[in-house]
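User: Hello! Could you take a close look at one part of this structure for me and walk me through what you find there?

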Amino acid sequence: MKILIITHEFPPIGGGGANACYFLSREFRKLGHTVHIITANYQGLEKTENLGGVIIHRLDAARKRKEQCSFMEMLSFLMKAMPQAERLYKKNVFDVCLVFFGIPSGPVGYILKKKYNL
């Protein structure tokens, strides 16, 4: 199965939800699934990274602090995540989309559901 995960927090940024995303994505990969994650970048991390077979796509979304995200930073992520999700979908035709955090990732998942039945 091809899985797309949308989350504005993925280690090393964020807390519990970020860690849950990391461990779930790792287990999905161990089961043989293809996993892509769209997340926010932070202080010069690689824009694209292969982490044990999980492909991480980091967007420049104005994230300033590791442990906290402002409304404007979330809005920046949301505005950049949708076009990236569509580009990735067109290349990979995902089977499922897993969204972490209703805000800011929820609208991306909702649009993908309506547009691509994902």
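The part I would like to look at is helix α2, and the answer below follows that request. Where does helix α2 lie in the sequence, and which residues does Q84 touch?

Analyst: Happy to help! Please keep in mind that this is a predicted model. Confidence is a good place to begin. The chain has a mean pLDDT of 93, and 100% of its residues reach 70 or more. Helix α2 has the lowest mean pLDDT among the elements of the chain, at 93, whereas strand β1, residues 2-6, has the highest, at 98.

Now to the helix itself. Helix α2 covers residues 71-92, and Q84 is one of its residues. Is Q84 buried or exposed? Its relative accessibility is 12%, and because buried means under 20%, Q84 counts as buried. Once residues up to four places away in sequence are set aside, Q84 touches I38, H57 and L59. I38 deserves a second glance: 46 residues separate I38 from Q84 along the chain, yet their C-alpha atoms are 7.7 Å apart.

S76 also belongs to helix α2. With a relative accessibility of 17%, S76 falls under the 20% cut-off, so S76 is buried too. Its contacts, leaving out neighbours within four places in sequence, are with D60, A61 and A62.

M72 gives us another side of the story. This residue lies in helix α2 as well, but its relative accessible area is 57%, and since exposed means over 50%, M72 counts as exposed. M72 joins F71, L75 and M79 in a nonpolar patch on the surface, and together these residues have about 460 Å² of accessible area.

For context beyond the helix, let us turn to the aromatic residues. There are three aromatic pairs in the count. One of them is Y22 with F23: the ring centres are 4.9 Å apart and the planes meet at 70°, so the pair is edge-to-face. Y22 is partly exposed at 24% relative accessibility, and F23 is partly exposed with a relative accessible area of 42%. Y22 and F23 form one aromatic cluster together with F10.

To bring the helix back into view: Q84 is buried and S76 is buried, while M72 is exposed and takes part in the nonpolar surface patch.

How values were computed
Residues are numbered from 1 along each chain as its sequence is written. This is a predicted model: local features need pLDDT of at least 70, side-chain atom pairs count only at pLDDT 80 or more; totals for chains, interfaces and linings use all residues. Side-chain values use heavy atoms; hydrogens and water are left out. Helices (H or I, at least four residues) and strands (E, at least two) are DSSP runs, numbered from the N terminus. Buried means under 20% relative accessible area, exposed over 50%, partly exposed in between (1.4 Å probe, protein chains only). Contact means heavy atoms within 4.5 Å. Rings of Phe, Tyr and Trp (its six-membered ring) pair if their centres lie within 6.5 Å; planes under 30 degrees apart count as stacked, over 60 as edge-to-face and the rest as tilted. Patches are made of residues with over 30% relative accessible area and no salt bridge: like charges are joined within 9 Å, nonpolar side chains (Val, Leu, Ile, Met, Phe, Trp, Tyr) within 5 Å. Accessible areas come from the Shrake-Rupley method with a 1.4 Å probe; for residues, only the protein chains shown count as cover. A salt bridge is a side-chain nitrogen of Lys or Arg within 4 Å of a carboxyl oxygen of Asp or Glu. pLDDT is the predictor's confidence in each residue, from 0 to 100.
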